[in-house]
Amino acid sequence: MDSSSTRRGRTRRRLFEAAVTLIAEQGFSSTTVDEIAERAGVAKGTVYYNFASKTVLFEELLRDGIELLTVSLRQAADDTAARGGGRVDALDAMVRAGLDFIARYPALMQLYVAELWRTNRAWQSTLMQVRQKAIAVIEGVLAEAVAEGELSPEIDVPLTASALFGMVLVAALDWQSFQPERSVEEVHAALSRLLQGRVGGHAC
């Protein structure tokens, strides 16, 4: 990547971070392009140079954010496999990866949850697509676990994948908002016990 591309990438990242923070604080409608530019420390024209509109910026922010989460989930599963771990171990590693991601980008995930069920948004289609990509990673590992006999064939793989995704998301946001004194290790241990008790250990 040349220096121009690197510089533009850094600028877009600053705009993303400014936008997600402001929108989480005061909502999409109340956040102006001037405020995003000021928070990012750039001129207003720089926002429009990188994004056609505030709506486009927000749509790309959600897409990039959830794709980053998808990459981290896939990496956790791949790393577990490389160490010789089973598929339930991979699911547990994905739970930890999800918690780490949400701890790093809490405002982004708060936005994601807030927007997920608003069907009148311009970015709804994009949001559904990136959500499905993230859940597909979990579905893939669950399906492998069933095929390899680690999990019961009676498990509804798509529904279980959605449930695991939602469990980590809600638990992490609850942790961040209401129990911030807890460590990520404590939260992971609690979710890990749920995973092992409710999903794992039921193979026939």
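Helices are DSSP runs of H or I spanning at least four residues, and strands are E runs of at least two. On that basis, residues 9-69 are 80% helix and 0% strand. The end C-alpha atoms of this span lie 18 Å apart. An unreviewed UniProt entry lists residues 9-69 as "domain: HTH tetR-type". The model is predicted.

The chain as a whole contains nine helices and zero strands. Its order along the sequence reads α-α-α-α-α-α-α-α-α. Along the principal axes, the C-alpha atoms fill a box of roughly 60 × 40 × 35 Å.

A second UniProt feature, also from an unreviewed entry, is "DNA-binding region". The record places this feature at residues 32-51. The span is 75% helix and 0% strand. Its end C-alpha atoms are separated by 14 Å.

The domain assignment divides the chain into domain 1 (1-50) and domain 2 (53-194). The C-alpha centres of domain 1 and domain 2 are 26 Å apart. Domain 1 brings 15 residues to the contact, and domain 2 brings 14 residues. The size of an interface is often given as the accessible area lost when the parts come together. Here, domain 1 and domain 2 bury about 1300 Å² between them. Carbon and sulfur atoms account for 76% of that area. On the domain 1 side, the most area is lost by Phe-16, Val-20 and Phe-28. Together these residues make up 47% of what that side buries.

Polar links across the interface were also counted. One salt bridge is found between domain 1 and domain 2. The side chains of Arg-12 and Glu-60 meet in a salt bridge, with an N to O distance of 2.5 Å. Two residue pairs are in polar contact between the domains, both at pLDDT 80 or more.

Three helices of domain 1 each supply at least two residues of the side that touches domain 2: H1 (3-26), H2 (33-40) and H3 (44-50). H1 gives the most, with eight residues. By class, this side of domain 1 has eleven nonpolar residues, two polar residues and two charged residues.

Salt bridges were then counted over the full model. The structure holds eight. One pair that meets in a salt bridge is formed by the side chains of Arg-39 and Glu-25, at 3.4 Å from N to O. Arg-39 lies in helix H2 and Glu-25 in helix H1, so the pair ties together parts that are 14 residues apart in sequence.

Notes:
Residues numbered from 1 in each chain as written. Predicted model: local features only at pLDDT ≥ 70, side-chain atom pairs only at ≥ 80, totals over all residues. Heavy atoms only, no water. Domains from an automatic or database assignment. Contact = heavy atoms within 4.5 Å. Buried area = accessible area lost by both parts, 1.4 Å probe. Salt bridge = Lys/Arg side-chain N within 4 Å of Asp/Glu carboxyl O. Polar contact = N/O pair within 3.5 Å; in protein donor to acceptor, adjacent residues only side chain to side chain. Nonpolar A, V, L, I, M, F, W, Y, C, P; charged D, E, K, R; others polar. UniProt positions renumbered as here; feature names shortened; annotations may be inferred.
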